[in-house]
Amino acid sequence: MSVGNITNATSITAYFNSNCALLADGTVKCWGQNSFGQLGNGTTTRSSTPVSVSNLTGATSIAGGQYSVCATVGIGAKCWGRNNSGQLGNGTTNDASTPVSVMGITGVADLAVGNGHGCARSTGGAEWSSTTGARPAVRPMSMVTPPAWT
C-alpha cells in the first residue's frame with residue numbers, strides 16, 4: 001500500500017490521529033490532525049496527504065506521542081507539536097509547529113513520546129525525561145537508571 005508522496009520510508013510512527021514517516025534521505029513527512037502543529041510544517045492545518053516537516057534533515061529515528069513528535073538528529077533530538085507540559089524539552093511550554101531542539105541531551109540512542117512527556121536514552125545509557133509526574137519540567141532532567149530486576 002502506498003501513501004501519497006511517500007517513497008523510501010525507513011520507519012513510521014502512528015499517534016493520536018496523525019502519522020509520520022522517516023524517509024531514507026533523513027527527512028520526515030507527516031499527515032493527519034494538526035491542532036498543535038504536530039505535522040511540523042509550520043501550520044495547524046490538517047492534511048490528508050503527507051507534508052514535509054520544515055527545517056528537518058538528517059533524522060535517523062522518529063517517535064510520536066499524543067500530539068507531538070520527536071526525531072533523533074545528529075547527536076541530539078528535535079521535537080514539534082503540543083508542548084503544554086514541556087514535553088518538547090526546549091525550555092518552554094509553547095507549542096511548536098516546526099522542529100525545536102531538545103535542550104541538554106547528546107548522544108541520543110532512543111526516543112519515546114507519550115501523552116505530555118518525552119523521554120530519551122543516550123548511547124552511554126543515561127536517561128532523560130521532559131516531565132516529572134504531574135509537575136511539568138521544561139528542561140530534560142537526568143534520571144537515575146533503575147537497578148536490574150532480580
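Biologist: Leaving aside its neighbours within four places in sequence, what is Val3 in contact with?
Modeller: Val3 is in contact with Trp31 and Pro50, once its neighbours within four places in sequence are set aside. Keep in mind that this is a predicted model.

Biologist: Okay, and where does Val3 lie?
Modeller: Val3 lies in the segment before strand 1. Its C-alpha atom is separated by 7.6 Å from that of Thr49, although the two residues are 46 residues apart along the chain.

Biologist: Why does Val3 count as partly exposed?
Modeller: Because its relative accessibility is 28%, and partly exposed covers what falls between under 20% and over 50%.

Biologist: You mentioned strand 1. What order do the strands of that open sheet come in?
Modeller: The order is 1-2-3-4, four strands in an open sheet with antiparallel pairing. Strand 1 (9-15) and strand 4 (47-52) are at the edges, each with a single partner strand, so one side of each has no neighbour in the sheet. From one strand to the next, the twist averages 15°.

Biologist: How many bridges join strand 1 to strand 2?
Modeller: Six bridges, with strand 1 and strand 2 (residues 18-23) running antiparallel. As one example, Thr13 has Cys20 in strand 2 as its bridge partner.

Biologist: Cysteines, good, let's switch to those. How many disulfides does a search of the whole structure find?
Modeller: Two disulfides. One is formed by Cys20 and Cys30, with their sulfur atoms 2.0 Å apart. The link of Cys20 and Cys30 is right-handed, with 105° about the S-S bond. This pair links distant parts of the chain: Cys20 sits in strand 2 and Cys30 in strand 3, ten residues apart.

Biologist: And what does the other disulfide join?
Modeller: That disulfide joins Cys70 to Cys79, S to S 2.0 Å. The torsion about the S-S bond of Cys70 and Cys79 is about 105°, so this disulfide is right-handed. Number the bonded cysteines in sequence order and you get the pairing 1-2, 3-4.

Biologist: Is Cys20 buried or exposed? Same question for Cys79, buried or exposed?
Modeller: Cys20 is buried, at 0% relative accessibility. Cys79 is buried too, with a relative accessible area of 2%. As for their partners, Cys30 is buried at 0% and Cys70 is buried at 4%.

Biologist: Changing topic: which residues have the most contacts inside the largest nonpolar core?
Modeller: Cys20, Val28, Cys30, Leu56, Ala59, Ala71 and Trp80, in a core of 15 residues. Strand 2, strand 3 (28-32), strand 5 (59-64) and strand 6 (68-73) are the elements that give two or more residues to this core. The largest share, three residues, comes from strand 6.

Biologist: What does Leu56 touch, not counting residues up to four places away?
Modeller: Leu56 touches Gly26, Thr27, Val28, Ala71, Val73, Lys78, Trp80 and Pro99. There is also a second, separate core of 13 residues, which includes Leu88, Ile105, Val108 and Leu111.

Biologist: Back to strands for a sec. Which residue stands opposite Val108 in strand 10?
Modeller: Ser122 stands opposite Val108. Strand 9 (residues 108-113) and strand 10 (residues 118-122) run antiparallel and are joined by five bridges.

Biologist: What do strand 9 and strand 10 form?
Modeller: A hairpin, with four residues between the two strands. Gly116 in the turn has a positive phi of about 85°.

Conventions
Residues numbered from 1 in each chain as written. Predicted model: local features only at pLDDT ≥ 70, side-chain atom pairs only at ≥ 80, totals over all residues. Heavy atoms only, no water. Pairing = 2+ DSSP bridges. Axes fitted to C-alpha atoms, helices over the stretch in contact; angles between N-to-C directions. Buried < 20%, exposed > 50% of the residue type's maximum accessible area, 1.4 Å probe, protein only. Contact = heavy atoms within 4.5 Å. Core = buried A, V, L, I, M, F, W, Y, C linked by side-chain atoms within 4.5 Å. Disulfide = S-S within 2.5 Å.
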